[in-house]
Amino acid sequence: MHRLGLSTRVESRSVIVAIQGELDIATTNDLQEHIRSAIDTHGPWLILDMSGLDFMDSSGLNVIINAYRTVREREGALALAALNERVTKVVRLVGLHRQVPVHQTVATAVAAMEALEAKRQAG
């Protein structure tokens, strides 16, 4: 049975969902529900910490795209952080990096999210 490790923490006003393991057809529903719950509880400023993600297929991309749509509808934002080379290739292959910012670390993603949120609040 496939297992996906998921945890949530809040830093500044960003909700960070850390993903560990393999994101594929067997685990996407777990992530989808975890993201929905995290956004409902903590707000739409979402960072996906992918430092522990070993593998992602197209079904994982669909979860990310759905998360992107959800946060946009709620006037928030989505960022991806700490992707390994294999996951980066998948993200770049479909051009997702053009819509969703990709950061080297969670810390840089949090800083970028804070700046974006401040800019939106300012007008």
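Let's start at the end of a helix: α2 is followed by E75, whose phi is positive, near 60°. Helices here are DSSP runs of H or I with at least four residues, strands are E runs of at least two, and both are numbered from the N terminus.

A word on the ground rules. This is a predicted model, where local features need pLDDT of at least 70, side-chain atom pairs count only at pLDDT 80 or more, and totals for chains, interfaces and linings use all residues. Residues are numbered from 1 along each chain as its sequence is written, and side-chain values use heavy atoms, with hydrogens and water left out.

Back to E75. It is not a glycine, yet its phi is about 60° and positive. Most residues other than glycine have a negative phi. E75 sits in the loop between α2 and β4. Is E75 buried or exposed? At 64% relative accessibility, E75 is exposed. The cut-offs are these: buried is under 20% relative accessible area, exposed is over 50%, and partly exposed is in between, with a 1.4 Å probe and protein chains only.

A82 also has a positive phi of about 60°, and A82 is not a glycine. Look for A82 in the loop between β4 and α3. With a relative accessible area of 18%, A82 is buried.

Now α2 itself. The helix covers residues 58-73, 16 residues in all. From first C-alpha to last, α2 reaches 23 Å, close to the 22 Å expected at 1.5 Å a residue. That expected span is 1.5 Å times one less than the number of residues. Which residues of α2 are buried? They are S59, G60, L61, V63, I64, A67, Y68 and V71. Those buried residues pack against β2 (14-23), α1 (28-42), β3, β4 (77-81) and α3 (85-93). E73 belongs to α2 too, but E73 is exposed, at 67% relative accessibility. The C-alpha atoms of E73 and P44 are 8.9 Å apart, with their places 29 residues apart along the chain.

Next, the pairing of α1 and α2. Their axes come within 10 Å and cross at roughly 15°. Axes are lines fitted to C-alpha atoms, for helices over the stretch in contact, and angles run from 0 to 180 degrees between N-to-C directions. So α1 and α2 are roughly parallel to each other. That label covers angles under 35 degrees; over 145 is roughly antiparallel, 65 to 115 roughly perpendicular, and the rest oblique. The crossing is right-handed, meaning that the near helix is turned clockwise from the far one by less than a right angle. Where do they meet? From α1 come T28, L31, Q32, I35 and I39; from α2 come S59, G60, V63, N66, A67, T70 and V71. Contact means heavy atoms within 4.5 Å.

On to the interior. The largest nonpolar core has 27 residues, and L46, L48, M50, M56, L78 and L80 touch the most other members. Each of β2, α1, β3, α2, β4 and α3 supplies at least two residues of this core. Which element gives the most? That is α2, with six residues. A nonpolar core is a set of buried Ala, Val, Leu, Ile, Met, Phe, Trp, Tyr and Cys residues joined through side-chain atoms within 4.5 Å. Apart from the largest core lies another, of 10 residues, among them W45, I47, A79 and M113.

Take L78. Not counting residues up to four places away in sequence, L78 touches L46, L48, I64, A67, Y68, V71, V100, P101 and M113.

Then I47, in strand β3, residues 45-56. I47 is buried, with a relative accessible area of 0%. Leaving aside neighbours within four places in sequence, I47 is in contact with S14, V15, I16, V17, A79, A81, A109, V110 and M113. The C-alpha atoms of I47 and A82 are separated by 10 Å, at 35 residues apart along the chain.

One last stop: A26. Its place is the loop between β2 and α1. A26 is partly exposed, at 43% relative accessibility. The C-alpha atoms of A26 and R3 are 8.4 Å apart, and the two are 23 residues apart along the chain.
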